[in-house]
Every structure is written in structure tokens, then in C-alpha cells.
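Student: Could you walk me through this model with a few questions and answers? I'd like to start with one helix and then see how the parts fit together.

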There are 2 protein chains.
Amino acid sequence: MSTPPKRRPTLDEVAQTAGVSRAAASRAINSSGNVSPATRQAVERAVRELDYVPNRSARALATQQAGAVVLAVSHHDPELFADPFFAQVIVGVSAELERTDLVLMLVLAASEHGRTRLERILRSRRADGLMLLSLHGDDPLHRLAGKLDLPVVYGGRPLDAEPQWYVDADNRGGARLATEHLIALGRRRIATVTGLLDTDAAVQRRRGYREALAVAGLDTTRTVEADFTEAGGYAATRHLLDRHPDLDAVFAASDNMAAGALRALHESGRRVPEDVAVVGFDDAPVSRLTTPQLSTVQQPIRQLGREMARMLVTLIEGEEPTPLILPTKLLVRGSSLPAHAPTRTLDATDVPQA
Amino acid sequence: MSTPPKRRPTLDEVAQTAGVSRAAASRAINSSGNVSPATRQAVERAVRELDYVPNRSARALATQQAGAVVLAVSHHDPELFADPFFAQVIVGVSAELERTDLVLMLVLAASEHGRTRLERILRSRRADGLMLLSLHGDDPLHRLAGKLDLPVVYGGRPLDAEPQWYVDADNRGGARLATEHLIALGRRRIATVTGLLDTDAAVQRRRGYREALAVAGLDTTRTVEADFTEAGGYAATRHLLDRHPDLDAVFAASDNMAAGALRALHESGRRVPEDVAVVGFDDAPVSRLTTPQLSTVQQPIRQLGREMARMLVTLIEGEEPTPLILPTKLLVRGSSLPAHAPTRTLDATDVPQA
DNA sequence: CAAAGAACTGGAAGCGCTTCCAGTACCGTG
DNA sequence: CACGGTACTGGAAGCGCTTCCAGTTCTTTG
């Protein structure tokens with residue numbers, strides 16, 4: 001093994017040992033036309049011999065392309081980032097980026113300071129695009145996204161605006177599906193624990209719930225808002241039970257909250273699903289750990305990440321993608337079983353703009 | 001509002017509008033000595049006026065510093081990345097990096113392809129340092145880390161090697177604490193569900209368990225290996241119950257597995273904690289969602305992330321940090337309560353090299 | 001067989017920043 | 001008042017790459 005000196009080889013050296021010009025070497029390495037086979041081979045040999053890897057900072061400077069994208073998550077509470085949701089998105093994003101030579105920068109921008117930092121990062125041309133995750137209603141990241149001259153893809157839509165490019169799950173359709181399922185079970189006094197209503201997902205899920213009830217001519221008064229957490233779901237459900245002791249089903253807008261609901265219901269002496277049927281949302285890991293296991297609406301989170309990344313890459317390449325809404329599925333498990341029926345699966349209809 | 005042309009201002013323009021040379025402007029912006037107050041102010045004004053943000057690619061090229069670090073996670077199974085553990089580490093890392101101007105690159109390097117990709121990233125000088133998370137015994141990332149001429153910090157130690165710089169939790173001490181607690185409860189037939197034993201954490205936890213039993217003169221035959229998952233813990237516990245129906249306590253090396261253990265115990269008709277006491281490890285969210293809630297060993301995961309980042313920054317700055325082992329705590333909850341005692345907390349003694 | 005492409009080459013000019021260094025201005029000292 | 005410092009300054013040389021373009025060689029074609 002020839003132990004090369006600590007200095008990393010440069011393109012110049014590659015060109016030199018290949019006996020060609022730097023320009024030719026560059027072309028050969030980037031396979032950008034006009035390179036004779038002889039040159040190409042010579043360069044390839046030199047690259048292998050020197051174990052050359054191009055310096056990306058230099059390339060970035062020359063091409064004006066950072067070769068990186070950022071995924072920004074703005075959550076007031078770092079605790080919430082622990083939600084497996086984010087991990088799944090990241091897995092999806094990573095999988096897609098692995099096919100490109102873009103690198104993923106992860107920025108958790110919770111505080112004001114974090115946000116200005118994000119802005120600096122973006123404006124310093126360190127990234128070629130931005131993915132934004134899960135914005136609350138008044139998230140300041142919002143405005144930031146507008147100011148940038150970078151492609152921005154949203155994961156989930158912000159509350160009061162339809163961004164140009166986004167990937168979202170069919171929250172509304174999923175919620176409707178869940179609620180229709182409860183109705184089909186014969187439940188008539190169906191309550192819902194919504195998520196934080198400054199979130200589009202929470203609003204859409206409530207909407208789907210209401211639509212299903214409206215169609216069936218049932219009333220939608222049994223509603224209480226929570227914050228997507230188990231504790232929140234627990235408290236909300238206790239509230240519900242106080243005010244509507246007659247309820248016979250609960251649709252919770254997240255599995256965490258559904259788990260809390262389960263706890264509250266058990267505590268109150270009600271049996272699930274016999275007295276009260278419960279359906280959650282997300283197909284989070286916790287949904288399989290409760291007893292009974294939670295029926296839930298599954299959203300393809302990993303795919304959401306994938307599609308976000310894919311869309312961003314498309315934008316970076318200068319093409320024009322179209323927004324995407326991914327279908328959701330109902331998974332029926334123990335918490336809403338009529339008898340000993342097997343687990344079923346239903347597809348939510350895609351209702352983008354309707 | 002003066003709408004500047006799409007082109008972003010360069011240092012040259014800043015210098016020009018400030019009426020100084022580019023060199024002076026650079027010095028002013030980086031506050032690297034030898035700048036008169038007048039110059040500084042002129043430059044600051046110009047920066048503000050033009051809304052200038054330095055181009056990081058250019059700076060990276062000039063300074064030979066990427067201004068980024070990578071956090072690499074190698075998990076064969078992307079499912080496992082969903083473990084809140086990783087999210088917590090990331091939160092810690094991010095929090096620490098927010099104090100610097102280093103940006104976090106996240107690389108999920110599961111496949112062979114992902115690993116070569118990681119290597120390319122690292123060798124192309126896009127990052128100034130590397131954090132490696134949770135390596136299994138024969139993880140190829142290992143060898144990679146050696147080849148690099150970058151500072152590398154390990155989060156958790158790999159199995160058969162003591163890396164130069166690492167941050168780890170006191171797995172052994174925590175396990176001992178948990179086991180001693182079970183012994184103090186009067187349990188004598190204490191089983192353990194270990195984690196994957198090609199992992200240092202799993203080995204250390206088993207070791208702590210064995211030490212505690214040895215000290216008490218109890219036997220350590222009730223051992224079965226699982227894979228850190230709920231399903232694995234469930235299966236392992238069923239196994240245990242088959243072979244050792246007399247067991248009166250279970251120490252599971254993760255909360256996920258402890259949750260599985262709980263399920264298996266319930267299924268077998270045993271009461272927890274009356275018949276069998278259970279203690280987990282991690283203080284994962286799930287530990288509060290089971291009934292009864294899980295006693296567990298808490299490790300400061302967020303702090304682990306913080307310290308990893310801090311250590312890496314120290315290394316990048318050319319200083320020499322020392323490895324760190326973070327203390328773990330025992331949290332006693334319902335699954336190992338003797339009577340109606342309140343939740344207690346114990347500190348594990350730090351036993352780095354003993 | 002001359003002229004016109006086609007295919008390829010390498011010199012040179014950047015990309016936007018940092019930093020070395022020679023130079024200028026200005027200070028306090030003997 | 002000449003002197004050696006000190007405090008700044010800006011010109012210029014990179015950092016390692018891409019890419020334009022003028023030039024060369026070789027192949028076609030009328």
C-alpha cells in the first residue's frame with residue numbers, strides 16, 4: 001500500500017497523473033460529454049490510483065449548487081419531536097435522497113434563535129432546497145419560506161394557506177373512514193378528541209368526522225380539543241365522559257390521544273370495545289401496545305417523506321411537480337371490533353380539492 | 001423597500017459600498033483583529049443595507065472548513081430508527097450545535113450503498129467531524145471511522161473496541177441498580193431479558209444484572225436474549241415462563257421488551273407486581289403507557305446527544321476531550337412497587353473502567 | 001482533394017471567500 | 001527630530017473546482 005501524504009489529492013494531481021488537462025479530467029469525472037474514451041480511462045485510472053474524491057466545497061462554489069437540502073422541523077416542544085412520526089418521515093426522506101447525491105441537513109428550529117439560524121443557513125447557500133414539516137397555524141417559518149429564493153416543499157399543509165408544493169396525507173378522508181366505521185358498528189353517540197386545532201391535520205380530521213356524522217344524520221356536539229399527546233387525550237376523554245356519559249364511541253385524532261382515551265375509559269369502568277369503541281389515527285407503534293389494540297387510520301408516513309424529497313429534487317432540477325395527497329387506510333383492531341371479526345382494511349377515497 | 005436584483009450581494013459589493021477593501025470587509029465580518037472602529041462600522045452598515053449573508057461554500061473552500069458535522073446512524077432495520085431514542089439524541093445534538101455555526105447532516109447508512117455514500121460524503125470534505133450512533137458488533141462503519149482523518153465521536157461504545165472518544169450511558173451501573181432494587185424487594189428468582197448481545201449496551205446491562213445477583217448469592221440462569229423490541233420481549237418472556245415458571249421478577253434491558261414482558265405475564269395469568277416484578281430500561285415513553293407503569297432505568301439520552309456534539313466541537317477546535325459516561329437513574333413505578341410506596345429515584349454509581 | 005463539420009483538447013477565467021504580506025500612517029520614545 | 005513600534009490597510013494569491021472558448025485533429029462530404 002502506497003501511503004499517500006496526508007494531503008488529499010486534487011483534481012490537478014489527477015489530471016497530471018492521467019496526463020491530461022484539468023478541464024478534461026473534470027469532464028471525465030462528471031461525464032459531461034466531449035471526452036475521448038482514452039482520456040476517460042486514463043482519468044478513471046488516476047482517480048482510482050490516487051483514491052480521489054472531489055472536494056465538494058469547491059464544486060459547490062463553482063457550480064453554485066450546495067448539494068444539500070434541509071429538512072426543518074419547527075416544534076415548540078422538543079418532546080414532540082420524539083414522536084415516531086418524524087423519524088418515519090426522516091427515514092423516507094433519507095431513502096429517497098440516497099438515490100441522489102444530495103445530503104440531508106436536519107434543522108430543529110424551535111426557538112426564535114433557531115429560526116434566525118435556519119434563515120442564515122438557507123440564505124448562505126448551503127442548501128438547494130427546503131422541506132418544512134408540520135407547521136402550526138402561526139408558525140413564523142411560514143413567512144421565512146416565502147422570502148427565500150429556494151424551492152420549498154411542505155409536509156402537511158399549514159393552516160391558512162395552500163402552499164404551491166406539498167405532500168399531505170388524506171386526513172379528512174381517513175377521519176371520515178374511521179367515523180363511518182364506527183357508525184357501521186351501530187354506534188350513534190360518537191365523540192371525537194381533536195388534535196390542536198391550529199393545525200391543518202387536526203382541522204381536516206375533525207372535518208372528516210363531521211362529514212361522516214352529518215351524512216348519517218348524527219349530531220357532532222361531542223367534541224373536545226386536545227394536543228395530540230397521551231396525557232391530553234386522557235384529560236380530554238375525562239372531560240367528554242363528564243359531559244356526555246352516554247357516548248358509545250370515540251374517534252381520537254391521534255393514537256397517542258386514543259391511548260389516553262383508553263386509559264380514561266378503563267378508569268371510568270367502561271369496557272372497550274363493548275361499551276365504547278375507539279379509533280385512533282396514525283398507526284403509531286403505541287397502537288399495537290394498548291389493550292385492546294387500537295383500531296386506527298394508517299397514513300403512509302415513510303412514503304410522505306419519500307415524496308417530499310422526490311418533489312424537492314424535481315424542483316431543484318427545474319421541473320414542475322404537482323402537489324400530492326397520499327391515501328389513508330383504516331385498520332380495524334381490537335378497540336372497535338364488533339365481535340371476533342378479523343382485521344380489515346379499507347382505502348380512503350382521495351379528496352384533494354373537493 | 002428597494003428590491004435588489006435576484007443576485008445575492010457578495011463580499012465585494014459590501015466592501016465597495018462600505019468604501020473599504022474586500023480584505024478589510026472580511027476581517028470586519030469575521031471580527032478577526034486589525035480593524036479600525038470606523039471600518040467596522042462602515043462594513044456593518046453595508047452588510048445591513050445589502051442584507052448580506054456570506055456564501056458558505058466560498059468560505060468553506062477558503063478556510064478548509066465545511067461548517068458541518070454528520071450524525072450517522074447505521075441500522076439494518078429502518079423500523080428501529082423509529083425508536084424515540086434516536087429522536088432524543090438528535091434533539092440533544094441539535095441543541096448543542098445551535099450554539100455553534102455548525103450544521104447537522106443526518107445520514108442513515110443502513111445498506112452497503114448507504115455506507116459507501118457516507119464514506120464519500122465524509123471524504124469529500126463536506127463535514128468537519130462525525131458522530132456515530134449505536135454500532136452493532138460487526139458494524140462496517142467501524143472500519144470506516146478508522147480510515148477517516150476526521151474527528152469521530154461515538155455514542156455508545158461498539159462491542160469489541162474502546163474508541164478514543166465516546167459518550168455512553170452507565171448501562172452496567174443502571175442494570176445493577178435495577179437488579180439490586182428487585183433483590184431489595186425480596187425477589188430471589190430474578191430473570192433477565194437481554195438485548196441483542198452483539199451490542200455493548202446489552203452486554204453491559206447483562207453484566208450489571210449478573211453482578212448484582214452474584215453479590216447477593218443468587219443464580220443467574222434465567223436469561224434469554226431478545227432484540228430490544230416489544231415482540232421480542234414478549235416471545236422471550238414466554239420462553240422464560242416455560243422454562244422457569246417460578247420466576248418472581250424480570251429485568252428487561254429495554255422498556256420495549258419490558259412492555260412485551262408485561263404482556264406475556266398478563267397472558268399467563270400472573271399479576272404484576274404482586275407475582276412478578278418487572279423493571280425495564282430507557283425510560284422510554286412506552287414505560288408510562290403500560291399498566292402498571294414500568295419501573296425503569298432512566299438514561300439521559302438528550303444529554304448524551306449534547307455531550308456528543310460538545311465533544312466533537314472540542315475536537316474540531318483542536319482540543320482534547322475525555323470520554324464520558326453519563327449516570328443512569330432508577331425510576332420505581334408500578335411494575336415493581338412493594339406496596340403503595342411513592343416513586344423513588346436512585347443514582348447509579350459511575351463505574352467506567354472498574 | 002479542398003472545405004466543412006464533428007469530436008475533442010487545454011488555457012484561462014471565474015465562483016466568493018480568506019489570508020499573507022508589503023506598505024502606509026501614526027504613536028510614543030530617546 | 002529621527003527612530004522603532006503598533007495599528008491598519010488593500011493588493012494579490014490562493015482554496016479546488018467548473019466551464020467557456022479558441023484552437024487542434026480527424027472524419028466526412030461535395
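Student: How many of the 14 residues of α9(A) are buried?

Tutor: This is a predicted model, in which local features need pLDDT of at least 70, side-chain atom pairs count only at pLDDT 80 or more, and totals for chains, interfaces and linings use all residues. Residues are numbered from 1 along each chain as its sequence is written, while chains are lettered from A and ligands numbered from 1 in the order in which they are written. A residue is buried if 20 or more other C-beta atoms, placed from the backbone, lie within 10 Å of its own. α9(A) is mostly covered, and the buried residues, among them A:N171, A:R176 and A:L182, number 12.

Student: What distance separates the end C-alpha atoms of helix α9 of chain A?

Tutor: Helices here are DSSP runs (H or I, at least four residues), as strands are (E, at least two), numbered from the N terminus. The expected span is 1.5 Å times one less than the number of residues, so the 14 residues of α9 in chain A, 171–184, should cover 20 Å. The end C-alpha atoms agree with that, at 20 Å.

Student: What turn lays chain B on chain A?

Tutor: The copies are superposed by least squares on the C-alpha atoms of residues with pLDDT of at least 70 in both. The fit has an RMSD of 0.0 Å and a shift of 0.0 Å along the axis. This is the relation of a two-fold axis, with a turn of 180°.

Student: Which element gives the most to the side of chain B that touches chain A?

Tutor: Two residues are in contact if their C-beta atoms, placed from the backbone, lie within 7 Å. The contact takes 41 residues from chain B and 41 residues from chain A. Elements of chain B that each supply at least two residues include β2 (103–108) and α7 (112–123). The most, seven residues, comes from α6(B).

Student: Which element gives the largest share of the side of domain 2 of chain A that touches domain 3 of chain A?

Tutor: The domain bounds come from an automatic or database domain assignment. In chain A, 12 residues of domain 2 are in contact with nine residues of domain 3. On the domain 2 side, α6 (84–97) and α13 (301–316) of chain A give two or more residues. The largest share, three residues, belongs to α13(A).

Student: How many residues surround DNA strand C?

Tutor: A residue is near the strand if its C-beta atom, placed from the backbone, lies within 6 Å of it. The closest include A:S21 and B:T10. Altogether, the residues surrounding DNA strand C number 29.
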